[in-house]
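Me: I would like a close look at a single part of this model, set in the context of the whole chain. Please treat it formally and in connected prose.

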Amino acid sequence: MMLAQSQTTILSVFKLFLLPVGGGIPAGVLLAHQKGLAWPVTTALYLVSDLILALVFEPILRLLAAVARKVPFLARLAAASKALSERSTRHFSGTGAGPVALIMIAFGVDPMTGRTSALAAGYGFCAGWAVAIAGDMLYFAVIALTTLRLSAYFHNPDTAMLIVLAGMFLIPMGVRYFRPRFPGVAPVEEQAN
């Protein structure tokens, strides 16, 4: 009976982590915590969901890249995506899309964007997904810890989950809104020099 309940919990948490939008992390973490699932198991489930994402998304990405080479409009779109990736990674590192910059893209956006940027930077399957998954696992850690801390303050897990979801969407919007308003603030690596 206990084994069946544990398998049901693991499967339920895993399904939540497979959701393609952000709500799966806080919901999965809270469910795992409520059912007494150990944090290493919860983290491993999220990692496995990322590996499944890699196996599902990579063929789609490769197909789009192959089609983009034959369709002029898509070729221009791919070139613009590569230029955008290079421009957005400049503030993470001075020399373009290195591993740390790509990890930060996956952390800040999502692992598919991280992998797409890694492909545009010339990274192969293993290296590209390694940096994308590393960034996504950092994101998972931040969201999981925030969710668990908030759930300790709010006795209703739905309240903690809603606050985390609101933060997941509103904080990046706030950063994009306020960043141009402070042009004198240099990125961290420029301040150190």
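Which residues form a nonpolar patch on the surface, and how much accessible area do they have together?

Reply: The model is a predicted one. In it, the nonpolar surface patch consists of Leu18, Val48, Ile52, Val56, Ile60 and Leu64, whose accessible area together comes to about 490 Å². One of these residues, Val56, belongs to helix α3, which covers residues 39-70. Val56 counts as exposed because its relative accessibility is 53%, and the cut-off for that class is over 50%.

The surroundings of the patch may be set out next, beginning with the architecture. The protein has nine helices and zero strands, and from the N terminus on its elements run α-α-α-α-α-α-α-α-α. The protein exposes about 12,100 Å², of which carbon and sulfur atoms supply 71%. Of its 193 residues, 31% are buried.

Helix α3 also carries Phe57, and unlike the exposed Val56, Phe57 is buried. This leads to the aromatic rings. The structure holds five aromatic pairs. In one of them, Phe17 and Phe140 have ring centres 5.6 Å apart and planes at 85°, so the arrangement is edge-to-face; the angle cut-off for that class is over 60 degrees. This pair links distant parts of the chain, since Phe17 lies in helix α1 (residues 2-17) and Phe140 in helix α7 (residues 125-153), with their positions 123 residues apart. Phe17 counts as buried because its relative accessibility is 5%, and Phe140 counts as buried because its value is 4%; the class requires under 20%.

Phe57 and Trp129 form a further edge-to-face pair, with 6.1 Å from centre to centre and 90° between the planes. Here too distant parts of the chain are linked: Phe57 is in helix α3 and Trp129 in helix α7, 72 residues apart. Trp129 is buried, as is Phe57. Ring pairs additionally join Phe17, Tyr46 and Phe140 into a cluster.

Contacts across the whole protein can be described in terms of sequence separation as well. Among contacts with a separation of 6 or more, 63% are between residues 24 or more positions apart.

Taken together, helix α3 holds the exposed patch member Val56 and also Phe57, whose ring pairs with that of Trp129 in helix α7.

Definitions and conventions: Residues are numbered from 1 along each chain as its sequence is written. This is a predicted model: local features need pLDDT of at least 70, side-chain atom pairs count only at pLDDT 80 or more; totals for chains, interfaces and linings use all residues. Side-chain values use heavy atoms; hydrogens and water are left out. Patches are made of residues with over 30% relative accessible area and no salt bridge: like charges are joined within 9 Å, nonpolar side chains (Val, Leu, Ile, Met, Phe, Trp, Tyr) within 5 Å. Accessible areas come from the Shrake-Rupley method with a 1.4 Å probe; for residues, only the protein chains shown count as cover. A salt bridge is a side-chain nitrogen of Lys or Arg within 4 Å of a carboxyl oxygen of Asp or Glu. Helices (H or I, at least four residues) and strands (E, at least two) are DSSP runs, numbered from the N terminus. Buried means under 20% relative accessible area, exposed over 50%, partly exposed in between (1.4 Å probe, protein chains only). Rings of Phe, Tyr and Trp (its six-membered ring) pair if their centres lie within 6.5 Å; planes under 30 degrees apart count as stacked, over 60 as edge-to-face and the rest as tilted. Contact means heavy atoms within 4.5 Å.
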